[in-house]
Amino acid sequence: MDRVSIKRNAPVALLYEDTIRNGGAIISSLGALINFSGKKTGRSPKDKRIVYEDTSKDDIWWDTFEINRECAIDYLNTCDNVYWDPKYRIKVRVICAHTYHALFMNNMLIHPTEEQLTDFGEPDFIIYNAGQFPANRFTKGMSSTTSYAGEMKKGVFSIMHYLQPIKFGQLSLHSSANVGIKDSDVTLFFSLSGTGKTTLSANSNRLLIGDDECVWSDTGIFNIEGSCYAKCINLSAEKEPEIFNAIRFGSILENVVYNPVSHVPDYDDVSITKNTCCAYPIEYIPNAKIPCVVDRQPSKIIMLTCDAFGVLPPVSKLTPEQASYHFLAGYTPKTPGTEDGVLEPIPTFSTCYTAPFIVLHPGHYAEMLAERMSKHNVDCWLINTGWTGGKFGTGSRCPLKYTRAIINAIHSGSLKNAEYENFGCIPRSWLLPEYRGDYHLVLHH
């Protein structure tokens, strides 16, 4: 039997070296590692399975999932912690075949100190990623051969969606968050992938708490990741300077085309996929709040939707009832590249803005959100980052500078004090019985 080479808790430089030697990666002109995920260039949410077991069988929303257990081969072992707030921290071990997957999760999870590694003990959860193992698609419940780094990140997110509400009594959210430098006001951004959470929460006038997965606790907001995961399509220093400048040594570019001579990335080239991504440590953002915890309750929620059909206005002020409806509905078309096989916008209602990853009944998260919004008097806004001047294929995507201007007006308070008019009523039949009140969507001029 051949000896298996295991690299435990390997430093970033060693992961670079191994990935270049054995994984076909290259170093970009910026110092970031460029690698390619192969056939699968996006997540496959329908392939997620939850194993039936006694401690969670009474809480899991089983109607959403098929049950399947897979065997895995493990080559590489790294250890990480999850959650910036020590009160809610768990220990996760990642065992994977692809070295660049190890580097990806080394970024994504919160890396423990040398002292914490010494006393790490047994992990709470183990991720087995057998990316080089050919899965048998004839096995019951198997439907693809996905080997995509983002699957591990979202697997941990699913764990968090169970543990936070059930074990800790806190609200886990598919949300980015930032806090004002001057007024210390906290804002949450809800949306599906590709709609603007990462881009719009990176703001030079505000401190970044997290770009994708946060928890609304009894004392404030905290991030569960140690990294950011941004879309790279059409990335430029002018439009997104914080993200552009975060791409350097220690970052991973995935499926990004590059000049074969200079190794300069070409973010406009989508010949491989539109789902080009970058994972970078959150401390690479100059105004990141480290540690990513703020002991202050949010005052604003911004729900982002990328409407591709010319239906929604650029910005709406929502009542508490409307906020509950939009949270449960989670409307936003899937944009090209966010998932495998998505080539044009597809109307999607992703409950709680995170349907593929929730494990409890949606009403559980919605009730927790409504209670917190009422208790802390939180304002809620719906912003359309989608198409103007016509639907997809006819009009154009709303310019980023205009969306930023709207969000700046929300933060300054000027939009809250503006005049509004009713823009139409949400049909009562769309709502759950407890939310069937007479109210209207409002549009700012």
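# Notebook: salt bridges, cores and confidence

I started with a charged pair: Asp185 and Lys300 are both buried. I had to remind myself that this is a predicted model, so I kept the confidence values for a later entry.

**Entry 1, the buried pair.** Asp185 and Lys300 form a salt bridge, and I get 3.1 Å between the closest N and O atoms. How many residues apart are the two partners along the chain? They are 115 residues apart, so I noted the pair as a link between distant parts of the chain. Asp185 sits in the loop between strand E7 (175-180) and strand E8 (186-190), while Lys300 belongs to strand E18 (residues 300-305). The pair has company: Arg206 joins Asp185 and Lys300 in a network of salt bridges.

**Entry 2, the other bridges.** I ran the search over the whole structure and got 7 salt bridges. Opposite charges on side chains can pair when the charged atoms come close.

I looked at Arg21 and Glu17 next. Their side chains meet in a salt bridge at 3.7 Å, N to O. Where do they sit relative to each other? Both are in helix H1 (residues 12-23), and because they are 4 residues apart there, about one helical turn separates them. As for cover, Arg21 is exposed, with a relative accessible area of 58%. Glu17 has 43%, which makes it partly exposed.

Then I checked Lys416 with Asp379. The salt bridge has its closest N and O atoms 3.0 Å apart. This pair also links distant parts of the chain, with the two positions 37 residues apart in numbering. Lys416 is in the loop between helix H9 (400-412) and strand E23 (420-425), and Asp379 is in strand E20 (residues 379-384). Buried or exposed, I asked of Asp379? Asp379 is buried, at 15% relative accessibility, whereas Lys416 is partly exposed at 46%.

**Entry 3, the main core.** I turned to the nonpolar side chains. The largest nonpolar core has 91 residues, and the members touching the most others are Trp216, Ile301, Met303 and Phe327. Which helix gives this core its largest share? Helix H4 (residues 150-168) does, with 7 residues. The core also draws at least three residues from each of two domains: domain 1 (5-24 + 38-160) and domain 2 (170-225 + 290-442).

I went through the contacts of Phe327, leaving out residues up to four places away in sequence. Phe327 touches Leu173, Phe190 and Met303, and also Thr351, Cys352, Tyr353, Tyr365, Ala366 and Leu369. Apart from the largest core there is another one, of 12 residues, and Ile302, Trp381, Ile407 and Ile410 are among them.

**Entry 4, Met303.** I singled out Met303, which lies in strand E18. Met303 is buried, at 0% relative accessibility. With residues up to four places away in sequence again not counted, the residues Met303 touches include Phe190, Leu318, Ala323, His326 and Phe327. Others in the list are Tyr353, Cys380, Trp381, Leu382 and Ile383. I also looked up one C-alpha distance: Met303 and Lys197 are 106 residues apart along the chain, and their C-alpha atoms are separated by 9.3 Å.

**Entry 5, helix H2.** How many residues of helix H2 (residues 99-108) are buried? The count is 10 of 10, so I wrote the helix down as mostly covered. The buried residues of H2 include Tyr100, Leu103, Phe104 and Met105, but also His101, Asn106 and Asn107.

**Entry 6, whole-protein numbers.** I totted up 9 helices and 24 strands. Of the 445 residues, 56% are buried. Taking contacts between residues at least 6 apart in sequence, I find that 72% join residues at least 24 apart. The accessible surface comes to about 19,900 Å², with 53% of it belonging to carbon and sulfur atoms.

**Entry 7, confidence.** The mean pLDDT is 80, and 78% of the residues reach 70 or more. Among the elements, E8 has the highest mean pLDDT (97) and strand E24 (residues 440-444) the lowest (39). Two stretches got a flag from me. Over residues 64-79 the pLDDT is below 50, though the stretch has 63 contacts in the model beyond near neighbours in sequence. Residues 425-445 are also below 50, with 53 such contacts. Where pLDDT is low, the predicted coordinates should not be read in detail.

Methods. Residues are numbered from 1 along each chain as its sequence is written. Side-chain values use heavy atoms; hydrogens and water are left out. A nonpolar core is a set of buried Ala, Val, Leu, Ile, Met, Phe, Trp, Tyr and Cys residues joined through side-chain atoms within 4.5 Å. Buried means under 20% relative accessible area, exposed over 50%, partly exposed in between (1.4 Å probe, protein chains only). Domain bounds come from an automatic or database domain assignment. Contact means heavy atoms within 4.5 Å. A salt bridge is a side-chain nitrogen of Lys or Arg within 4 Å of a carboxyl oxygen of Asp or Glu. Accessible areas come from the Shrake-Rupley method with a 1.4 Å probe; for residues, only the protein chains shown count as cover. pLDDT is the predictor's confidence in each residue, from 0 to 100.
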